[in-house]
Structures are given as structure tokens and as C-alpha cells.
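I opened this notebook to record what I looked up in one protein chain. The entries follow the order in which I consulted the structure.

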Amino acid sequence: MTEKNKALPPKTCEIERLVTIEDDVNKVLQGKKTATRRNGRYADVGEIMELKGKKYIVDNVYSQSLGELTDADAQREGFENVEEYKQSILSYHPGMPWLPQMRVWVHEFSPVEE
């Protein structure tokens with residue numbers, strides 16, 4: 001376990017579930033998506049995610065509130081801006097409120113050079 005992971009709570013899910021929506025998988029493969037946010041922790045720093053035979057290493061995992069999201073964060077998620085990202089998330093989770101104080105886990109990743 002790395003120093004970075006020691007400060008994190010236990011994972012709540014497996015890395016295989018980190019990026020599962022086909023549109024998101026394609027954005028990652030095209031290099032348009034380098035981060036994903038989840039309500040739980042799905043990966044440790046240094047862990048490898050595999051999508052359609054390509055490997056990605058988790059570079060950083062940290063907590064962030066929805067109110068802290070910037071357009072740059074949304075672009076790392078593969079969207080133009082926060083509003084576009086917000087509408088996408090709410091379309092996947094009907095009835096879910098968008099609460100600025102709600103905290104999510106940010107997982108940032110990059111391709112593994114093989």
C-alpha cells in the first residue's frame with residue numbers, strides 16, 4: 001500500500017466498475033476522458049484499469065464536493081463544462097438531487113505505455 005493510499009478509507013467497489021458506460025469507455029479510449037467521479041472509492045493509486053484491452057493507471061484519488069467542480073474538471077470527464085456534466089449525471093440517476101455539498105471520489109487515470 002502506498003503512502004497516498006494509507007490516508008484513504010477502504011475501497012467501496014472494484015476498479016472493474018469504475019468506467020462502465022459505453023460512451024465513457026469510448027471517451028477514455030479516445031483520450032477525451034482522464035477522470036471519473038463516483039460516490040464511492042473504486043480504486044487505489046497505482047491500480048490498473050483495463051478497457052477493451054488497453055490499460056490505464058490510476059494516478060490520483062481524492063474527495064471533492066460537487067460545488068467545487070470546475071469546467072476544467074468537467075473537461076477531464078469528457079464534457080465541455082460543468083453544466084453539461086451535471087445534465088449527463090442527472091440523466092443516469094433520475095431523481096438524484098445535485099447538491100453542491102455532496103462529496104464524490106475523483107479517480108484520475110492515464111494510459112499505461114506498453
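The entries below go from confidence and annotation to the sheet, the helices and a few single residues.

**Entry 1. Confidence and annotation**

I note at the outset that this is a predicted model. I looked up the confidence of the protein chain and found a mean pLDDT of 93, with 95% of the residues at 70 or more. Among the elements, helix 1 (residues 3-6) has the lowest mean pLDDT, 62, and helix 3 (residues 71-76) has the highest, 98.

I then consulted the UniProt record, an unreviewed entry, which places the feature "domain: ASCH" at residues 18-113. Over residues 18-113 I read 26% helix and 30% strand, with the end C-alpha atoms 20 Å apart.

**Entry 2. The sheet**

In what order do the strands of the open sheet lie? I found 4 strands in the order 1-4-3-2, with antiparallel pairing. Strand 1 (35-38) and strand 2 (48-51) are the edge strands, each pairing on one side only. On average, and with direction ignored, neighbouring strands of this sheet are turned by 35 degrees against each other.

I went through the pairs in turn. Strand 1 pairs with strand 4 in the antiparallel sense over 4 bridges, and in this pair Arg37 stands opposite Val106 of strand 4. Strand 4 also pairs with strand 3, again antiparallel, over 9 bridges. There I located Ser65 opposite Arg103 of strand 4. Strand 3 (residues 54-65) is joined to strand 2 by 4 bridges, and the two run antiparallel.

**Entry 3. Strand 2 and its hairpin**

Which residues of strand 2 lie on the covered face, and which on the uncovered one? I assigned Met49 and Leu51 to the covered face, and Ile48 and Glu50 to the uncovered face. I recalled that side chains in a regular strand alternate between the two faces of the sheet. Across the pairing with strand 3, Ile48 stands opposite Ile57, and Met49 stands opposite Tyr56.

I next examined the link between the two strands. The hairpin of strand 2 and strand 3 has 2 residues between the strands. Lys52 is found in this loop and has a positive phi of about 50 degrees, although it is not a glycine. For context, most residues other than glycine have a negative phi. Is Lys52 buried or exposed? I recorded Lys52 as exposed, because its relative accessibility is 57% and the cut-off for exposed is over 50%.

**Entry 4. Helix 2**

I looked up which residues of helix 2 (residues 22-29) are buried, and listed Asp24, Val25, Lys27 and Val28. These residues cover an arc of only 160 degrees around the axis, so they lie on the same side of helix 2. What covers them includes strand 2, strand 3 and strand 4 (103-111). Just after helix 2, I noted that Gly31 takes a positive phi of about 80 degrees.

**Entry 5. Helix 4**

I repeated the search for helix 4 (82-92). Its buried residues are Tyr85, Ser88 and Ile89. They cover an arc of only 95 degrees around the axis, which puts them on the same side of helix 4. Strand 1 and helix 3 are among the elements that cover these buried residues.

**Entry 6. Phe79**

Where is Phe79 placed? I found Phe79 in the loop between helix 3 and helix 4. I entered Phe79 as buried, because its relative accessible area is 12% and the cut-off for buried is under 20%.

I then listed its contacts. Leaving aside residues up to four places away in sequence, Phe79 touches Lys27, Ala74, Glu84, Tyr85 and Ser88. Of these, Lys27 is one of the buried residues of helix 2, while Tyr85 and Ser88 are buried residues of helix 4. Phe79 and Lys27 are 52 residues apart along the chain, and their C-alpha atoms are separated by 9.7 Å.

**Entry 7. Gly67**

My last entry concerns the loop between strand 3 and helix 3, where Gly67 is found. Gly67 counts as exposed, because its relative accessibility is 52%. I also looked up its separation from Leu99: the two are 32 residues apart in sequence and 7.5 Å apart in space, C-alpha to C-alpha.

Terms used:
Residues are numbered from 1 along each chain as its sequence is written. Side-chain values use heavy atoms; hydrogens and water are left out. Two strands pair if DSSP finds at least two bridges between them. Axes are lines fitted to C-alpha atoms, for helices over the stretch in contact, and angles run from 0 to 180 degrees between N-to-C directions. Buried means under 20% relative accessible area, exposed over 50%, partly exposed in between (1.4 Å probe, protein chains only). The arc is that of the directions from the helix axis to the C-beta atoms. Contact means heavy atoms within 4.5 Å. UniProt positions are given in the numbering used here, feature names are shortened, and annotations may be inferred rather than shown by experiment. pLDDT is the predictor's confidence in each residue, from 0 to 100.
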